[in-house]
Amino acid sequence: MNKNKLILISDINRPLIEKVFLTTENLYTFKNKTAVFLFFEPSTRTKISFELACHKLGVNIVHFNSQTSSLAKGESLVETLRNIEAMAPDLLIIRHGNELDIQDLYKLNIPIISAGSGGLSHPTQALLDLFTLKQAGLIDKNKKLLLLGDVSLNRLAKSHQVLLKDWGFKMAYSCPEKCDDPSLEGIEYFKQRSEALAWADIVMVLRLQQERKNFSSEFIKDYKINYQLTLDEVNKANLKKQEPLKVMHPGPYVEGLDLDKKVTDYKGSLIYDQVKNSVLVRTAIIQSLLKED
Ligand code: CP
């Protein structure tokens, strides 16, 4: 990985990903290391799966609490990180918003794993999604993968635009407006959800990022009607397919806004496989970063 960092998806390449996946399948115990967890945004899946991964490896955990830290006395976040670096833990696992410039993370002389960086990247989620696709036998088959929902503000979408394209998936996205983000160049846009679902072999549903933007009630009402993935829409799309549509969602989903709960129990859903694989893949990533060759 690029200088012991996994912050952007471009920090990892195909041979290293193959190595992480091989490690995922051959994990062993690993001791006397300490990871500091810094979570500045809420999390269930990422935080708990990283904790479980550390427990599996015997890695000690120290939790940073921003409210009881010296940030509350006016110390800057960058200075806080420099102080933690000076204490020489073995690893930082950090989830942060747009208040932190990721270049400041690259300057720290310590292994770091992003657990979600603002609207920019979510590399470990992207890797565990790729592992889930591999496990489902969907790799190297020119499968068509649709990103459905709030692509423009979504950090995972940014990671997948790089990673899945690189791994040979044909990509498209569907959301209310075509985005002019250069990273979406070469990725097909569908205004109509039904056309997009008819095109796709796999749909990855994305949550509306209401914590990053205020959407009008009119927009939300329209979004629910036109971009929520319902079981009816899945069944309709399946009428013309040879293989049932596969459904993914990184979570958390908002019931009735981006996803209909019934879809989670649908036979083509990989949603809980993603969650199950989160512990395995994150364990492998930590091991890959801490292991001295
Ligand atoms: N997928 C994901 O990042 O979920 P959490 O926000 O619950 O960690």
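## Contacts around V36

Contact here means heavy atoms within 4.5 Å. With that in mind, let us start at V36, a residue of strand β2 (residues 34–39). Helices (H or I, at least four residues) and strands (E, at least two) are DSSP runs, numbered from the N terminus. Leaving out residues up to four places away in sequence, V36 touches V62, F64, I84, P89, L91, L92 and I93. One of these partners, F64, is 28 residues from V36 along the chain, yet their C-alpha atoms are separated by 6.8 Å.

Is V36 buried or exposed? Its relative accessibility is 8%, so V36 counts as buried. Buried means under 20% relative accessible area, exposed over 50%, and partly exposed in between (1.4 Å probe, protein chains only).

## About the model

This is a predicted model, in which local features need pLDDT of at least 70 and side-chain atom pairs count only at pLDDT 80 or more, while totals for chains, interfaces and linings use all residues. Residues are numbered from 1 along each chain as its sequence is written, and side-chain values use heavy atoms, with hydrogens and water left out.

## A five-strand sheet

Now look for an open sheet of five strands, in the order β8-β7-β6-β9-β10, with parallel pairing. Two strands pair if DSSP finds at least two bridges between them. At the edges are β8 and β10 (246–248), each pairing on one side only. From one strand to the next, the twist averages 25 degrees; angles run from 0 to 180 degrees between N-to-C directions, and axes are lines fitted to C-alpha atoms, for helices over the stretch in contact.

## From β6 to β7 and β8

Strands β6 and β7 are joined in parallel over five bridges. Here K144 stands opposite K170 in β7, and L147 faces Y173 of β7 in the pairing. To get from β6 to β7, the chain passes through helix α6 (residues 155–166), making a right-handed β-α-β crossover. Right-handed means that, with the strands pointing away from the viewer, the path from the first strand over the helix to the second runs clockwise.

Why is β7 (residues 170–174) largely enclosed by the rest of the structure? Because four of its five residues are buried. On to β8 (residues 188–190): β7 and β8 pair in the parallel sense over three bridges, and A172 has E188 as its bridge partner in β8.

## The covered strand β9

On the way to the other edge, five bridges join β6 to β9, which run parallel, and L145 stands opposite I202 in β9. Three bridges then join β9 to β10, again in parallel, with I202 opposite K246 in β10. Which residues cover the two sides of β9? I202, M204 and L206 lie on one side and V203 and V205 on the other, and all are buried.

## Helix α5 and its neighbours

Helix α5 lies across β6, β9 (202–206) and β10, running at about 160 degrees to β10. The axes of α5 (residues 123–135) and α10 (residues 271–290) also come within 8 Å and cross at roughly 115 degrees. Residues making this contact include L127, L128 and F131 of α5 and V281, R282 and I285 of α10.

Finally, find K143 in the loop between α5 and β6 (144–149). Not counting residues up to four places away in sequence, K143 touches L138, F169, K170, D201 and I202.
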